[in-house]
Amino acid sequence: MTRNALFYQADSELPLVSHADGVYIRDTDGNRFIDACSGAITCNLGHNHPAVKQAISAQLDKVAFTYRTQFESQVAIDLADALTDLTDGDLDKVFFVGSGSEAVESAMKLARQYFVSIQQPQRTHFVSLRPSYHGSTLGALGLTGYQPLEAPFTDITLSSLKVPSPDFYRYQESTIEEHVNAVLEETEAAISRVGGERIIAIAIEPVGGASTGHACLTANICKASATFATVMAAC
Ligand SMILES: Cc1ncc(COP(=O)(O)O)c(C=O)c1O
């Protein structure tokens, strides 16, 4: 039965949020909840943070929004500089978008555009892991390795080459090293079948999120990612 006009809500009745402070969310019945993962990992500084509220309010007092093709924005410049400083010089450009899905779409388009501009238009395939989650838009959904989300759209998405994600919790081999090697062998075989010269990029979640429940150990994922990068560099 429809309770209100909101689409895509859970079937069951959920607590109606009243307000939140720090890690706590309160509902209109007076219950208090710990926001253990800040919703979809979106309020990482906590709710009702005075410095965040002050910064938003100060900016709204000046200007709410201008578009990048018409105006420069000092706060956008400062934030981009602060972000690149965090990468120790490895990355030197920032492109702001409104969501993770848009970020993935933008990265896919940038990578494809790069290869078109260097006369390698035959590169049409992305590689991603299964399971994985990369977003809700059609391009990001094409990278996503999660059957229930993919199923209705496989005929109309740009599908990627899905290779197994290292699973350090349920691996079948006797050691993690053997497991990583088995995963990499499958990855190399899958890439060879398509042809390395047709690959645009590989998309990897450094720490698995929505479809893996953080099942992977960060240190081992880094090791596996580094080896994945080597495999890709060999393409
Ligand atoms: C690795 C990863 N990429 C992309 C997304 C999509 O982000 P958004 O929901 O902001 O579109 C998510 C969201 O959980 C994610 O975990």
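Q: Which residues are around the ligand, and what makes them count as near?
A: They are Ser99, Gly100, Ser101, Tyr133, His134, Gly135 and Glu205. A residue counts as near a molecule if one of its heavy atoms lies within 4 Å of it. This is a predicted model, where local features need pLDDT of at least 70, side-chain atom pairs count only at pLDDT 80 or more, and totals for chains, interfaces and linings use all residues. Residues are numbered from 1 along each chain as its sequence is written, and side-chain values use heavy atoms, leaving out hydrogens and water.

Q: How do you know that the ligand makes a polar contact with Gly100?
A: A polar contact is a pair of N or O atoms within 3.5 Å (within protein, one must be able to donate a hydrogen and the other to accept it, and residues adjacent in sequence count only if both atoms are side-chain atoms). A ligand oxygen sits 2.8 Å from a polar backbone atom of Gly100, so the pair meets the limit.

Q: What is the distance between a ligand oxygen and the side chain of Ser101?
A: An N or O atom in the side chain of Ser101 is 2.5 Å from an oxygen atom of the ligand, so this pair is a polar contact too.

Q: Why is the space of about 390 Å³ called a pocket?
A: On a 1 Å grid over the protein atoms alone, a cavity is a set of points where a 1.4 Å probe fits but cannot get out, whereas a pocket is an open set with protein on both sides within 12 Å along at least five of seven lines. This one is the second largest pocket, so it is an open set of points. Its volume is the space filled by probe spheres set on the points, with grid points joined across faces, edges and corners.

Q: What makes a residue part of the lining of the second largest pocket?
A: Lining residues have an atom within 4 Å of a point. Among those here are Gly100, Ser101, Tyr133, His134, Gly135 and Glu205. Helix 4 gives the largest share, 4 residues; helices (H or I, at least four residues) and strands (E, at least two) are DSSP runs, numbered from the N terminus.

Q: How does the lining of the second largest pocket divide by class?
A: There are 6 nonpolar, 5 polar and 1 charged residues. Ala, Val, Leu, Ile, Met, Phe, Trp, Tyr, Cys and Pro count as nonpolar, Asp, Glu, Lys and Arg as charged, and the others, Gly among them, as polar.

Q: What is the volume of the largest pocket, and what lines it?
A: Its volume is about 1,600 Å³. Of its 33 lining residues, the closest to the centre are Ala80, Val94, Phe95, Phe96 and Val97. Helix 3 supplies 8 residues, the largest share.

Q: How do you know that strand 4 and strand 6 pair?
A: Pairing needs at least two bridges found by DSSP. Strand 4 and strand 6 have 4 bridges in the parallel sense, so they qualify. Ser128, for instance, has Ala203 in strand 6 as its bridge partner.

Q: Why are strands 5 and 6 edge strands?
A: The open sheet has the order 5-4-6, with parallel pairing. Strand 5 (161-164) and strand 6 (199-203) each have a single partner strand, so one side of each has no neighbour in the sheet.

Q: What makes the bond between Arg130 and Pro131 special to note?
A: It is a cis peptide bond, with omega of about 0°. Pro131 is in the loop between strand 4 (125-130) and helix 5 (138-143).
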